[in-house]
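The following account leads through a protein structure by way of its contacts, its surface and its backbone. The reader may wish to keep the sequence and the coordinates in view throughout.

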Amino acid sequence: MPFKLKLKKTRQYNVASKSLFVISVELLDGGVADCTLSVDSTGQECLDNVCQRQAINQSDFFGLRYINRSQQPRWVQLERPLKRQLEKYASSHQLYLRVMYYVISGTSLITDEVTRYHYFLQLKNDLVEGRIICDCQQAVVLASYSRQAEYGNHDRERHTVEYLKNLLTFPKQMLDGGQIIDGSTLAETGRLEWLTEAVIQHHMALHNMSQVSC
């Protein structure tokens, strides 16, 4: 009589899948970086991974944010294991690379070109979304520097008011004579053409300024 050995069926585990996880980090330019981390990886390790891949050499200015279960943005605690934080507090495993520390006395401390570019993107988003309120004159100056940084010198023949007025992005909220105006009403009030012309004049004065210096 043949001898039969009965083996108890057990669940099979993939060791790699249990010890590793993949997380998506949205970048300031709208791109996404996928990071493969261990369950013990800290938030700092994830931040370093993203910054290294984006060639951001001054990572100390940045942090990682997540959306909690109350749909509020929160900062990742960089010294703690990332996965535990997300499982306990976050609504998803989606992270966002954002500027954590702003420079008050000018941007001379930001010596790395790529770091400066991502810092610029954060400030631009903050202004456009109304998280930073400025007056119309400040909006003109900022828009002109933004044009120089992104596109270089003004082209007199091509960059007319008619061409630029639908391309320039102004803050959602601006101060005008002490009153807060909604940026979406600029066209209705006739301010859009005036602001666009003012940006053109200021942008022309920045001719040949290094895009990195902006």
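**Contacts, pocket and backbone**

Tyr145 is found in helix 5, which spans residues 136-151. The model is a predicted one, and the values given here are to be read accordingly. With a relative accessibility of 30%, Tyr145 counts as partly exposed, because the buried class is confined to values under 20% and the exposed class to values over 50%. The position of Tyr145 also brings together separate stretches of the chain: its C-alpha atom is 7.8 Å from that of Leu206, although the two positions lie 61 residues apart in sequence numbering.

A second pair of this kind involves Arg80, placed in the loop between strand 4 and helix 3. The C-alpha atoms of Arg80 and Thr42 are separated by 5.2 Å, while the two residues are 38 residues apart along the chain. Arg80 is partly exposed, at 27% relative accessibility.

A third pair starts from a buried residue. Thr196 belongs to helix 8 (residues 191-204), and its relative accessibility of 0% places Thr196 in the buried class. Between the C-alpha atoms of Thr196 and Phe170 the distance is 9.7 Å, for a sequence separation of 26 residues.

Phe170 leads on to the second largest pocket, since it is one of the residues that line this pocket. The volume of the second largest pocket is about 180 Å³. Its lining draws on Val128, on the run Leu168, Thr169, Phe170, Pro171 and Lys172, and further on Gly183, Ser184, Leu186, Ala187 and Leu192. Sorted by class, the lining comprises 7 nonpolar, 3 polar and 1 charged residues. Lys172 is among the lining residues, and lysine falls in the charged class.

Lys172 also takes part in a salt bridge. Side chains of opposite charge can pair when their charged atoms come close. Lys172 is joined in this way to Glu129, with the closest N and O atoms 3.0 Å apart. Glu129 lies in the loop between helix 4 (113-128) and strand 6 (134-135), and Lys172 in the loop between helix 6 (161-164) and strand 7, so this salt bridge ties together parts that are 43 residues apart in sequence. Both partners are partly exposed: Glu129 has a relative accessibility of 40%, and Lys172 one of 42%.

How many salt bridges does a search of the whole structure find? The search finds 5. Another of them is formed by the side chains of Glu26 and Arg98, with an N to O distance of 3.1 Å. Glu26 is part of strand 1 (residues 20-26) and Arg98 of strand 5 (residues 94-99), so the pair connects parts that are 72 residues apart in sequence. Glu26 is partly exposed, with a relative accessible area of 27%.

The side chains of Asp40 and Arg84 likewise meet in a salt bridge, here at 3.8 Å from N to O. This pair too links distant parts of the chain: Asp40 lies in the loop between strand 2 (32-38) and helix 2 (43-53), Arg84 lies in helix 3 (residues 82-89), and the two are 44 residues apart. Arg84 has a relative accessible area of 51% and is therefore classed as exposed, the cut-off being over 50%.

The surface also carries a nonpolar patch. Ile133, Leu175 and Ile180 together make this patch, whose area is about 250 Å². Of these residues, Leu175 lies in strand 7 (residues 173-176). Leu175 is partly exposed, at 34% relative accessibility.

The backbone remains to be considered. Most residues other than glycine have a negative phi. Ala55, which is not a glycine, has a positive phi of about 65°. Ala55 is placed in the loop between helix 2 and strand 3 (62-67), where it is partly exposed, with a relative accessible area of 39%. Gln71, another residue other than glycine, also has a positive phi, near 65°. Gln71 is located in the loop between strand 3 and strand 4 (73-75). Its relative accessibility is 53%, so Gln71 counts as exposed.

Notes. Residues are numbered from 1 along each chain as its sequence is written. This is a predicted model: local features need pLDDT of at least 70, side-chain atom pairs count only at pLDDT 80 or more; totals for chains, interfaces and linings use all residues. Side-chain values use heavy atoms; hydrogens and water are left out. Patches are made of residues with over 30% relative accessible area and no salt bridge: like charges are joined within 9 Å, nonpolar side chains (Val, Leu, Ile, Met, Phe, Trp, Tyr) within 5 Å. Accessible areas come from the Shrake-Rupley method with a 1.4 Å probe; for residues, only the protein chains shown count as cover. A salt bridge is a side-chain nitrogen of Lys or Arg within 4 Å of a carboxyl oxygen of Asp or Glu. Helices (H or I, at least four residues) and strands (E, at least two) are DSSP runs, numbered from the N terminus. Buried means under 20% relative accessible area, exposed over 50%, partly exposed in between (1.4 Å probe, protein chains only). On a 1 Å grid over the protein atoms alone, a cavity is a set of points where a 1.4 Å probe fits but cannot get out, and a pocket is an open set with protein on both sides within 12 Å along at least five of seven lines; lining residues have an atom within 4 Å of a point. Grid points are joined across faces, edges and corners, and a volume is the space filled by probe spheres set on the points.
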